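Let's take a friendly walk through this model together. Have the sequence and the 3D view at hand as you read.

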Amino acid sequence: MQYLDLADLHTIANRAAFDFKQVIDLADDDGFIGAGADLSTATLLNAYRNGVFPWFGANDPICWWCPPVRCIIHPNDFRPAKSLVRTAKKMPWHITTNRAFDSVMSACAAPRTYSDDTWINTQMMHAYTKLHELGVAMSVEVWDNTADEVLVGGLYGVQYGAIFCGESMFHTQKDASKVAFWALMNFAKSCGIRLIDCQLENPHLMSLGATLMPRDEFLTTLAILNHTPTPPLSGSMSTHHLAFIKD
């Protein structure tokens with residue numbers, strides 16, 4: 001894994017055959033822009049730079065989205081629920097970053113209890129693994145230390161300057177994904193990431209303190225943040241330590 005300078009990321013994004021800045025206005029009421037293009041590193045960087053992300057089913061063409069309302073959270077505004085603090089204090093877990101990206105993404109791709117479908121297919125995994133090798137796609141891992149070290153939760157996303165675009169999270173033990181998200185807030189504050197893009201609203205994210213931002217405001221903010229040089233997301237700690245961090 002290497003870390004490219006922000007200027008290098010923009011240089012790669014400029015090489016994309018598809019410039020998403022030219023098609024934002026084509027988004028329909030749901031934020032759907034269109035289908036096609038590819039998942040090359042240059043295309044993905046150009047997409048994220050312009051507030052666009054891929055989301056499509058296993059048998060669908062590559063579909064691109066820029067929702068009219070964005071689900072976001074400012075790391076400084078995150079406040080863990082009291083129940084989550086209690087969980088962090090009692091569970092023998094520890095948290096790492098970028099230690100097991102492939103395993104986190106594979107776990108995120110696994111079928112959920114409510115659905116056998118997944119949008120994280122082999123094509124997506126290959127594309128984001130390439131981003132990870134360049135230090136752009138990042139992961140947060142939660143490990144259980146009770147016996148053999150076991151991955152019990154985590155998340156992954158894309159850091160572009162001072163914004164982190166969350167992609168997916170998972171857990172195999174209760175609250176482990178929430179702990180990963182909480183740790184992300186702390187790691188983000190430490191390295192200067194100012195906004196977490198959660199993309200699409202859902203009850204789980206809203207329960208963690210996410211809010212909504214209109215697309216125009218989001219894109220204006222994004223244009224500043226993705227030109228703000230920021231150290232890469234990093235860090236590790238026990239959940240017990242996380243529980244006692246003071247803002």
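Helices here are DSSP runs of H or I with at least four residues, and they are numbered from the N terminus. Keep in mind that this is a predicted model.

With that in hand, turn to the second largest pocket. Which helix gives the largest share of its lining? That is helix 8, residues 215–225, which supplies three residues. The volume of this pocket is about 250 Å³. Its lining includes Leu-219, Leu-222 and Ala-223, and you will also find Asp-19, Lys-21, Arg-49 and His-227 among the lining residues. Sorted by class, the lining holds four nonpolar, four polar and three charged residues.

Now look at the sheet. Strands of a sheet pair through backbone hydrogen bonds, either parallel or antiparallel. In this model, eight strands form an open sheet with mixed pairing, in the order 10-4-9-8-7-6-5-11. Its edges are strand 10 (211–214) and strand 11 (237–238), each of which pairs on one side only.

At one of these edges, strand 10 runs antiparallel to strand 4 (residues 69–73), and the two are joined over four bridges. Here you can spot Arg-70 opposite Met-213 of strand 10.

Which helices pack on the sheet? Helix 4 (residues 101–109) does, touching strand 6 (137–144), strand 7 (150–160) and strand 8 (163–171). Its direction makes about 100° with that of strand 7. Helix 6 (residues 176–191) packs on the sheet too, and its contacts include strand 5 (93–97), strand 9 (195–199) and the edge strand 11. The direction of helix 6 makes about 130° with that of strand 6.

Notes:
Residues are numbered from 1 along each chain as its sequence is written. This is a predicted model: local features need pLDDT of at least 70, side-chain atom pairs count only at pLDDT 80 or more; totals for chains, interfaces and linings use all residues. Side-chain values use heavy atoms; hydrogens and water are left out. Two strands pair if DSSP finds at least two bridges between them. Contact means heavy atoms within 4.5 Å. Axes are lines fitted to C-alpha atoms, for helices over the stretch in contact, and angles run from 0 to 180 degrees between N-to-C directions. On a 1 Å grid over the protein atoms alone, a cavity is a set of points where a 1.4 Å probe fits but cannot get out, and a pocket is an open set with protein on both sides within 12 Å along at least five of seven lines; lining residues have an atom within 4 Å of a point. Grid points are joined across faces, edges and corners, and a volume is the space filled by probe spheres set on the points. Ala, Val, Leu, Ile, Met, Phe, Trp, Tyr, Cys and Pro count as nonpolar, Asp, Glu, Lys and Arg as charged, and the others, Gly among them, as polar.
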